[in-house]
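Me: I have a structure open and want a close look at one part of it. Please take the sheet and walk me through its strands, its loops and its charged contacts.

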Amino acid sequence: MKSATRTSSPLSRASEGSPLPPVVTPPALTSPCTFNVNVGAPALVEPEFVSVTPSGRTTNGTTFDMSVPAHETGDLIVICATADYLNTAHVGDFTFVTPNGETVTTAQDWHSQGGTPGVEDNLKHSAALFWFVATADRTAGTMTANWSFSDTVNFAVIRMRKAKFKDTGVPVLAKSLNGAYASSIPSVAAMTGVQEKSRIFALAGTDNFSNDNFPPAGWTSRANFAPVSFHQLLLMERTAAATANENVAATNFTTDTTFAWASIGFVVLPKGA
């Protein structure tokens, strides 16, 4: 009698001690796989104000050791300057001896309003703006400014936190200029198209004390400095950072009139701008 034939599966054969079929290995890839992941543009990081140090020359001269706040490597240092006589005749003649040999960039050279262009005048006040990025840590101290025309000059040196500026080529932009050669209220002119998350500042050099209602609503005083009665530096920062492509309205610094004044509206841009 013929016995029935039994067919075994590979699994049953393995359980009975029979070897499994050989494993087939696929061929190696000849080129690496590439995955495209869109992470989007880097987020804008709002700049951080840390401190400001005002100082000024009280007699006419051509040099001054201005006060500089303590700072760290990578901090942005903004130099605000106002002068009693200096004007557009002296564009480009300001030099600085920085703490560690940093290069100073001019954001706005001497700006004045009215009178005869290029002629010094005791009713013509001026303002200028400079900046550099610190290359080393430093305790509070001084740095030297030199200029060609004998004058009194006031300074306010701002420190902005370091991490916000390492990716930014030009962190400081002058956005508006204003001034008057007659008795009037000092104001900052409108600033248009301001980058989102920028910090907004206004600087003025005035001929005499202008303190009533300074700063205006929505702004914070950063410096109100007058070492002599005929020359005052006013610096204020808007409380809120800029919204996207914002147009910032013109704003009076005070409710006082002054004989003559000059102002600069400027912004410190965010990282990634």
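Reply: What follows covers the sheet, then a buried residue within it, then the salt bridges, then the loops.

Keep in mind that this is a predicted model.

Start with the layout. The open sheet has 5 strands, in the order β9-β17-β12-β14-β13. Their pairing is antiparallel. From one strand to the next, the twist averages 15°. The edges are β9 (172-180) and β13 (219-228). Each edge strand has a single partner, so one of its sides has no neighbour in the sheet. In general, strands of a sheet pair through backbone hydrogen bonds.

Now take the edge at β13. Strand β14 covers residues 231-238, and 7 bridges join it to β13. The two run antiparallel. For a marker on screen, pick Ser221: its bridge partner in β14 is Met236.

Next, move to β17, which spans residues 261-268 and holds Ile264. Is Ile264 buried or exposed? Its relative accessible area is 0%, so Ile264 is buried. Which residues does Ile264 touch, leaving aside neighbours within four places in sequence? Among them are Phe201, Ala202 and Leu203. Ala174, Ser176 and Leu177 are also in contact with Ile264. So are Gln108, Ala127, Ala128, Leu129 and Val188. Look at Ala202 in particular. Ala202 and Ile264 are 62 residues apart along the chain, yet their C-alpha atoms are separated by 5.8 Å.

Then come the charges. The whole structure has 7 salt bridges. Begin with Glu46 and Arg199, whose side chains meet at 2.9 Å, N to O. Glu46 sits in the loop between α1 (10-15) and β1 (49-56), while Arg199 is in strand β12. That pair is 153 residues apart, and it links distant parts of the chain. The two ends differ in accessibility. Glu46 is partly exposed, at 34% relative accessible area. Arg199 counts as buried, at 7%.

Arg199 has a further partner, Glu237, with the closest N and O atoms 2.8 Å apart. This contact runs from strand β12 to strand β14, across 38 residues of sequence. Glu237 counts as buried because its relative accessibility is 2%.

Glu237 in turn meets Arg222 in a salt bridge, at 2.7 Å, N to O. Glu237 lies in β14 and Arg222 in β13, so this pair ties together parts 15 residues apart in sequence. Arg222 is partly exposed, with a relative accessible area of 25%. Put the pairs together: shared partners join Glu46, Arg199, Arg222 and Glu237 into one network of salt bridges.

Finish with the loops. Between β12 (199-206) and β13 comes a loop that holds Pro215. Where is the cis peptide bond? It runs from Phe214 to Pro215, with omega near 0°.

Two other loop residues deserve a check of their backbone angles. Lys197 is in the loop between β11 (191-194) and β12. Lys197 is not a glycine, but its phi is positive, at about 70°. Its relative accessible area is 32%, so Lys197 is partly exposed. Asn245 belongs to the loop between β14 and β15 (246-248). Asn245 also has a positive phi, of about 50°, and is not a glycine. At 58% relative accessible area, Asn245 is exposed.

Note on methods. Residues are numbered from 1 along each chain as its sequence is written. This is a predicted model: local features need pLDDT of at least 70, side-chain atom pairs count only at pLDDT 80 or more; totals for chains, interfaces and linings use all residues. Side-chain values use heavy atoms; hydrogens and water are left out. Two strands pair if DSSP finds at least two bridges between them. Helices (H or I, at least four residues) and strands (E, at least two) are DSSP runs, numbered from the N terminus. Axes are lines fitted to C-alpha atoms, for helices over the stretch in contact, and angles run from 0 to 180 degrees between N-to-C directions. Buried means under 20% relative accessible area, exposed over 50%, partly exposed in between (1.4 Å probe, protein chains only). Contact means heavy atoms within 4.5 Å. A salt bridge is a side-chain nitrogen of Lys or Arg within 4 Å of a carboxyl oxygen of Asp or Glu.
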